[in-house]
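Let's take a walk through this one together. Have the viewer open, and we'll go from helices and sheets out to the whole chains.

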Amino acid sequence: MITAERKPLDEIMESIDGCGRILLVGCNECVTVCAAGGRKEVALLASALQMASMKKGRTLDIRELTLERQCDPEYVEELTPHIDQVDAVVSMACGCGVQEVARRFKKTHVYPALNTKFMGASEGPGIWAERCQGCGDCLLGLTGGICPIARCAKRLMNGPCGGSTNGKCEISNDVDCAWHLIWERMKELGIEDRYEDVIAAKDWRTGRGGGPRKILREDLV
Amino acid sequence: MEQFEPTIVAFCCHYCAYTAADMAGSMRLEYPPNVKIIRVPCSGRVDAIHIMKALEKGADGVLVAGCLEGDCHFKNGNVKALQRVTALHPFLEEIGIEAERVQMVNMSAGMGGRFAQIATEFTEKIRELGPNPAKAGASRLAAS
């Protein structure tokens, strides 16, 4: 999923300075799962913004709405009846959702309430960790299902580097060495011999190196 | 100057604090009428939004009262409630509301005396802190 965290309240307050009517829009997908921008977080932020405004001797007219998916035009359309009645939209979706709302409603200010972080997985309640960088040319089949691009600080294709100690990365003892994990997994799978297969230099054009990407599925267009 | 009388909302677990408040009454113990009790099936039912709405709607302080640790009727609702209250504290500070205005307390159903004591002490603490800054701001707005 795409993970995100709420921006500091002061930053959000600053962005809506001068606005009296706010449409606070959450998303029912990834940001709900990582407890950053679902219905619950929308309600909490609305209450916080209201109280922060009240402290300054003002009140806000805040509408709360959580869309099924803020990155899809069909769902963003649901905002239409509200748009003319607000001064700004504050989006609690990932950057994709914010941009979709901004694209649809060209004359409306749209401000992000979240910082989009990474594509990750849950390691336990309240813990999310980066797992994928969307390089566009998955090599997990070569590395025992552990991604060295997302999980090695140096994105080494043939690791580990000299900074790996007792299975931990030199950047922090809290970070596992991806190549150590790969070795352990290959041992479990009984394919240690493949560890020394040299992975060729990666063609980064399939990733961000090739500029903004797009998928076109002729059968669905 | 008229003394500030705080409004305290106490979310009380049905299995402990609510009964303790009842017992305080049976024991003829006095506690400040500032404390408004909301009975909940378990302190674990209390979500951050309930506390936020209480503050937004004018409470000066909020108590979340659950069972003694290890005694929750639903196993660990009181532990979850404490986690939520603790997690809410920095958020309140961000808003500019003192974290001390929201407190988790634990007691058993038989602790009528403890309920009365907590209600008294917390009311006093909130009285010292003064009105909830959000409410105070809204009052200034209404007066202007």
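Start with α6(A), which lies across β2, β4 and β5 of chain A and runs at about 175° to β5(A). Bear in mind while you look that this is a predicted model. Helix α6 covers residues 95-104 of chain A, and together with β4(A) and β5(A) it makes a right-handed β-α-β unit.

The two strands of that unit also pair with each other. Strand β4 (residues 88-91) of chain A and β5(A) run in the parallel sense, joined over four bridges. If you want one position to click on, take A:Ala88, whose bridge partner in β5(A) is A:His109.

Now stay on β5(A), residues 109-112, and look at its two faces. Which residues sit on the covered face, and which on the uncovered one? A:Val110 and A:Pro112 are on the covered face, while A:His109 and A:Tyr111 are on the uncovered one. That fits a general pattern: in a regular strand, side chains alternate between the two faces of the sheet.

Zoom out a little and the sheet around these strands comes into view. It is an open sheet of four strands in chain A, ordered β3-β2-β4-β5, and the pairing is parallel. Its edge strands are β3 (61-67) and β5 of chain A, each of which pairs on one side only. Leaving direction aside, neighbouring strands here are turned by 25° against each other on average.

Another helix to look at on this sheet is α3(A). It lies across β2 (21-27) and β3 of chain A, and runs at about 170° to β3(A). Keep α3(A) highlighted, as we need it for the next stop, the contact between the chains.

How many residues does each chain put into that contact? Chain A supplies 16 residues and chain B supplies 17 residues. On the chain A side, helix α3 (residues 39-55) gives the most, with 10 residues. By type, the chain A side divides into eight nonpolar, four polar and four charged residues.

Cross over to chain B. It has five helices and four strands, and along the sequence they follow the pattern β-α-β-α-β-α-β-α-α. The radius of gyration of chain B is 15 Å, close to the 15 Å that the globule rule gives for 144 residues, so chain B is as compact as a globular protein of that length.

The four strands of chain B form an open sheet in the order β2-β1-β3-β4, with parallel pairing. At the edges are β2 and β4 (102-106) of chain B, each pairing on one side only. From one strand to the next, the twist averages 20°. Within the sheet, β1(B) and β2(B) pair in the parallel sense over six bridges, and B:Phe11 stands opposite B:Ile38 in β2(B).

Helices pack on this sheet too. Helix α2 (residues 48-56) of chain B touches β1, β3 and β4 of chain B, and its direction makes about 150° with that of β3(B). Helix α3 (residues 77-95) of chain B touches β3 and β4 of chain B, and its direction makes about 160° with that of β4(B).

Then there's α1(B), residues 17-26, worth a look for its buried residues: B:Ala17, B:Tyr18, B:Thr19, B:Ala20, B:Ala21 and B:Ala24. What covers them includes β1 (8-13), β2 (35-40), β3 (61-66) and α4 (112-129) of chain B. Just after α1(B), B:Arg28 takes a positive phi of about 60°.

Finally, step back to the whole chains. Chain A has eight helices and nine strands. Its radius of gyration is 22 Å, whereas a compact globule of 221 residues would have one near 17 Å. The C-alpha atoms of chain A fill a box of roughly 65 × 45 × 25 Å along the principal axes, while the C-alpha trace of chain B spans about 50 × 35 × 20 Å. Buried residues make up 33% of the 221 residues in chain A; for the 144 residues of chain B, 48% count as buried. As for contacts with a separation of 6 or more, residues 24 or more positions apart account for 56% of them in chain A and for 80% in chain B.

How values were computed
Residues numbered from 1 in each chain as written. Chains lettered and ligands numbered in written order. Predicted model: local features only at pLDDT ≥ 70, side-chain atom pairs only at ≥ 80, totals over all residues. Contact = placed C-beta atoms within 7 Å. Nonpolar A, V, L, I, M, F, W, Y, C, P; charged D, E, K, R; others polar. Buried ≥ 20, exposed ≤ 12 C-beta atoms within 10 Å, placed from the backbone. Pairing = 2+ DSSP bridges. Right-handed = clockwise from strand over helix to strand, strands pointing away. Rg over C-alpha atoms; globule rule 2.2 N^0.38 Å. Axes fitted to C-alpha atoms, helices over the stretch in contact; angles between N-to-C directions.
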